[in-house]
Amino acid sequence: MLSTDYVPGSPVWLDLGTPDIDAAARFYGTVFDWAFQPGGAEVGGYGLFQTGGKTVAGGMTIEPEQGPTAWNIYFQTPDANATAAVVRDGGGTVLVEPMDVMDLGRMACFTDPQDAFFAVWQPGTNKGLDAVNAPNTLFWVELNTSDVPGALGFYSEVFGWGTTSMPMPGGDGAAYTMIHPARKTAEDMFGGIAPLGDDGVLDRPCWQPYFFTEDCDATAARATEAGGTVRLAPADMEGIGRFANIADPAGAQFFVMTPSPRE
């Protein structure tokens with residue numbers, strides 16, 4: 001599962017781009033009990049969401065021309081420049097060229113051939129999030145895409161991920177592909193790749209974060225009370241857990257999940 005043992009290809013960071021970071025801080029404070037620590041001018045106001053004093057995400061105000069309101073996933077890379085070259089060769093787009101973020105690390109932003117946004121982080125003094133796989137923290141990441149085989153081919157070139165699969169609920173023969181870092185095993189899986197559904201919950205190819213919650217229904221209710229929208233009502237997935245999709249008041253979507261107890 002997802003851990004802070006950040007090896008190449010694993011999710012290492014996520015942040016929120018939103019038109020009003022103060023409003024977002026109030027919303028996520030209500031939903032997850034996060035506190036927001038705003039950054040100074042030297043980081044353009046980029047701040048940190050924290051719980052129990054540990055950083056669980058970043059966030060900043062963005063203008064409409066900078067991109068959609070969304071949660072953004074960063075994967076660890078030992079060489080952002082080399083990764084950018086592989087992205088280009090594989091048919092992806094480099095949106096932000098590799099750049100240094102003071103001494104914290106080096107980042108770059110891309111879209112894959114199906115136009116899903118993702119980013120990479122080459123660690124400097126900042127190795128990644130302080131806490132994951134715990135209540136009110138990042139638990140899983142998922143790519144919803146219009147071309148699962150094409151996405152698998154692209155990301156296998158970029159990150160060398162290993163995969164396993166399991167039948168999708170419903171018994172129609174569709175499979176859910178789970179991903180783990182190169183040279184690791186299925187025990188280290190951190191996310192999945194699924195076909196973009198026609199249910200209208202997600203309207204474009206995208207990476208989505210799943211946050212661990214101890215009570216999916218209560219979290220969805222708090223989100224609604226705080227001005228968010230439940231796009232997919234809490235539902236059970238046999239053997240996996242109970243999950244829901246939520247949009248915050250500015251439209252950034254994310255999933256929450258209460259995992260099934262392990263036997």
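The dialogue below works through several features of a predicted model, taking helix packing, cysteines, single residues and backbone angles in turn.

Me: Where should I begin with the packing of helices, and how do the axes of α2 and α3 cross?

Reply: Begin with the axes, asking how far apart they are and at what angle they meet. In this predicted model, helix α2 covers residues 80–89 and helix α3 covers residues 148–159, and their axes come within 9 Å, crossing at roughly 155°. Because angles over 145 degrees count as roughly antiparallel, α2 is roughly antiparallel to α3. The crossing of these two helices is right-handed.

Me: Which residues of α2 and α3 make the contact, and what is its make-up by class?

Reply: On the α2 side the contact is formed by Thr-83, Val-86 and Val-87, while α3 contributes Phe-154, Glu-157 and Val-158. Sorted by class, the contact of α2 with α3 has 4 nonpolar, 1 polar and 1 charged residues.

Me: How should I read the cysteines, and how many disulfides does the count come to?

Reply: The general idea is that a disulfide is a covalent bond between the sulfur atoms of two cysteines. Here the count comes to 0 disulfides. Cys-109 takes part in none, and the nearest cysteine sulfur to its own, that of Cys-206, is 16 Å away. Seen from the other side, the closest cysteine sulfur to that of Cys-206 is in Cys-109, and the 16 Å between them is too far for a bond, given that the pair would have to lie within 2.5 Å.

Me: Are Cys-109 and Cys-206 buried or exposed?

Reply: Cys-109 is buried, its relative accessible area being 6%, and Cys-206 is likewise buried, with a value of 7%.

Me: Cys-206 leads me to its surroundings; what is Glu-142 in contact with, once neighbours within four places in sequence are left aside?

Reply: For a single residue, it helps to take its place in the chain, its accessibility and its contacts together. Glu-142 belongs to strand β9, residues 138–145, and is buried, with a relative accessible area of 7%. Apart from those sequence neighbours, Glu-142 contacts Tyr-176, Gly-192, Cys-206, Trp-207, Gln-208, Tyr-210 and Phe-255. As for Phe-255, it stands 113 residues from Glu-142 along the chain, yet the two C-alpha atoms are separated by 9.5 Å.

Me: How does the same reading go for Pro-8, and where is Pro-8 found?

Reply: Pro-8 is found in the segment before β1, a strand spanning 11–18, and it counts as partly exposed at 38% relative accessibility. Not counting residues up to four places away in sequence, Pro-8 touches Gln-76, Pro-78 and Pro-181. Its C-alpha is 22 Å from that of Ala-194, a residue 186 positions apart from Pro-8 in sequence.

Me: Turning to the backbone, what is the phi of Asn-136, and what is that of Arg-183?

Reply: As a general guide, most residues other than glycine have a negative phi. Asn-136 has a positive phi of about 65° although it is not a glycine, and Arg-183, also not a glycine, has a positive phi of about 65°.

Me: Where do Asn-136 and Arg-183 lie, and is each buried or exposed?

Reply: Asn-136 sits in the loop between β8 (117–123) and β9, where, at 18% relative accessibility, it counts as buried. Arg-183 lies in the loop between β11 (175–180) and β12 (191–195), and this residue is exposed, with a relative accessible area of 79%.

Key. Residues are numbered from 1 along each chain as its sequence is written. This is a predicted model: local features need pLDDT of at least 70, side-chain atom pairs count only at pLDDT 80 or more; totals for chains, interfaces and linings use all residues. Side-chain values use heavy atoms; hydrogens and water are left out. Axes are lines fitted to C-alpha atoms, for helices over the stretch in contact, and angles run from 0 to 180 degrees between N-to-C directions. Helices (H or I, at least four residues) and strands (E, at least two) are DSSP runs, numbered from the N terminus. Angles under 35 degrees count as roughly parallel, over 145 as roughly antiparallel, 65 to 115 as roughly perpendicular and the rest as oblique. A crossing is left-handed if the near helix is turned anticlockwise from the far one by less than a right angle, and right-handed if clockwise. Contact means heavy atoms within 4.5 Å. Ala, Val, Leu, Ile, Met, Phe, Trp, Tyr, Cys and Pro count as nonpolar, Asp, Glu, Lys and Arg as charged, and the others, Gly among them, as polar. Buried means under 20% relative accessible area, exposed over 50%, partly exposed in between (1.4 Å probe, protein chains only).
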